[in-house]
Amino acid sequence: QVQLVESGGGLVQAGGSLRLSCAASGVSYALYNMAWFRQTPGKEREFAAAISLTGVGQHYSDSAKGRFTISRDNARNTVYLQMSSLKPEDTAVYYCAADRGRFPEVRGNEYDYWGQGTQVTVSS
């Protein structure tokens with residue numbers, strides 16, 4: 001199994017940048033596709049970005065495309081989400097997730113493991 005721990009969230013001004021990290025433990029980490037989701041209180045969980053086992057494949061939501069970049073370093077067991085040109089509507093708790101199924105997968109209920117989340121707040 002895989003354990004995931006997110007970090008890097010915080011308070012930033014609109015237009016700023018932030019990099020989130022997801023540290024994974026478990027010998028099978030490299031066998032999983034990875035993704036970032038986000039959720040605001042009162043709203044459904046929303047897909048943001050996904051990356052394939054080796055990092056070659058990447059998939060983004062329309063809102064993330066052009067502003068967010070997902071990457072992974074399998075040697076360090078870490079997945080990253082580099083966020084730029086942040087907007088107030090990006091404010092949410094961001095979750096890291098692992099999936100052994102198809103790629104890309106935008107449905108949250110198809111993912112096998114989840115981290116606890118890290119808060120991102122973007123002010124005007």
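**Exercise 1. A loop residue**

Where is the place of Ser 85?

Solution. This is a predicted model. Start with the position: Ser 85 sits in the loop between β8 and β9. Next, take the backbone. Phi of Ser 85 is near 50 degrees, a positive value in a residue other than glycine. Last, take the exposure. Ser 85 has a relative accessible area of 42% and is partly exposed.

**Exercise 2. Another positive phi**

Find which loop holds Asn 77, and describe its backbone.

Solution. Step one: Asn 77 belongs to the loop between β7 and β8. Step two: β7 and β8 form a hairpin with 4 residues between the strands. Step three: phi of Asn 77 is near 55 degrees, which is positive although the residue is not glycine. Step four: Asn 77 has a relative accessible area of 28%, and is partly exposed.

**Exercise 3. The surroundings of β8**

Work out how β8 pairs and how well it is covered.

Solution. Begin with β3. It runs antiparallel to β8, and 6 bridges join them. One pairing to look for is Ala 23 with Thr 78 in β8. Now turn to β7. It also pairs with β8 in the antiparallel sense, over 6 bridges. Here Arg 72 stands opposite Val 79 of β8. Then check the cover. Of the 6 residues in β8, 5 are buried, so the strand is mostly covered, with buried meaning under 20% relative accessible area.

**Exercise 4. The nonpolar cores**

Which residues have the most contacts inside the largest nonpolar core?

Solution. The largest nonpolar core has 28 residues. Met 34, Trp 36, Leu 81, Met 83 and Tyr 94 have the most contacts inside it. Seek out the elements next. Those giving two or more residues to this core are β3, β4, β5, β7, β8, β9 and β11. Now zoom in on Leu 81. Beyond its neighbours within four places in sequence, Leu 81 is in contact with several residues, including Leu 18, Leu 20, Trp 36, Ala 49, Phe 68, Ile 70 and Tyr 94. Its contacts also include Arg 19 and Thr 69. Finally, look for a second core. It is separate, has 6 residues, and includes Phe 37, Phe 47, Ala 97 and Tyr 111. A general tendency helps here: in soluble globular proteins, nonpolar side chains tend to be buried together.

**Exercise 5. Salt bridges**

How many salt bridges does the count come to? Examine three of them.

Solution. The count comes to 6 salt bridges. Take Asp 90 and Arg 67. Their closest N and O atoms are 2.7 Å apart, and the two form a salt bridge. Asp 90 lies in the loop between β8 and β9, and Arg 67 in the loop between β6 and β7, so the pair ties together parts that are 23 residues apart in sequence. Both Asp 90 and Arg 67 are buried. They also belong to a network of salt bridges that links Arg 38, Glu 46, Arg 67 and Asp 90.

Move on to Arg 76 and Asp 73. This salt bridge has its closest N and O atoms 3.4 Å apart. Arg 76 is exposed, at 62% relative accessible area. Asp 73 is partly exposed, at 26%.

Then take Arg 102 and Glu 105. Their closest N and O atoms are 3.0 Å apart, again in a salt bridge. Arg 102 is exposed, with a relative accessible area of 52%. Glu 105 is buried, at 3%.

**Exercise 6. A charge without a partner**

Is Asp 99 buried or exposed? Describe what lies around it.

Solution. First, place Asp 99: it is in strand β9. Second, Asp 99 is buried yet has no salt bridge. The nearest side chain of opposite charge is Arg 102, 7.0 Å away. A salt bridge needs a distance within 4 Å, so Arg 102 does not qualify as a partner of Asp 99. Third, look for polar atoms. A polar atom of the Asp 99 side chain lies 3.0 Å from the backbone nitrogen of Gly 101. Fourth, list the touching residues. Not counting residues up to four places away in sequence, Asp 99 touches Tyr 32, Asn 33, Glu 105, Glu 110, Tyr 111 and Asp 112.

**Exercise 7. An unusual bond to find**

Which peptide bond is cis, with omega near -5 degrees?

Solution. Go to Phe 103 and follow the chain to Pro 104: the peptide bond between them is cis, with omega near -5 degrees. Then locate Pro 104, which lies in the loop between β9 and β10.

Key. Residues numbered from 1 in each chain as written. Predicted model: local features only at pLDDT ≥ 70, side-chain atom pairs only at ≥ 80, totals over all residues. Heavy atoms only, no water. Buried < 20%, exposed > 50% of the residue type's maximum accessible area, 1.4 Å probe, protein only. Core = buried A, V, L, I, M, F, W, Y, C linked by side-chain atoms within 4.5 Å. Contact = heavy atoms within 4.5 Å. Pairing = 2+ DSSP bridges. Lys, Arg positive; Asp, Glu negative; His and termini not counted. Polar contact = N/O pair within 3.5 Å; in protein donor to acceptor, adjacent residues only side chain to side chain.
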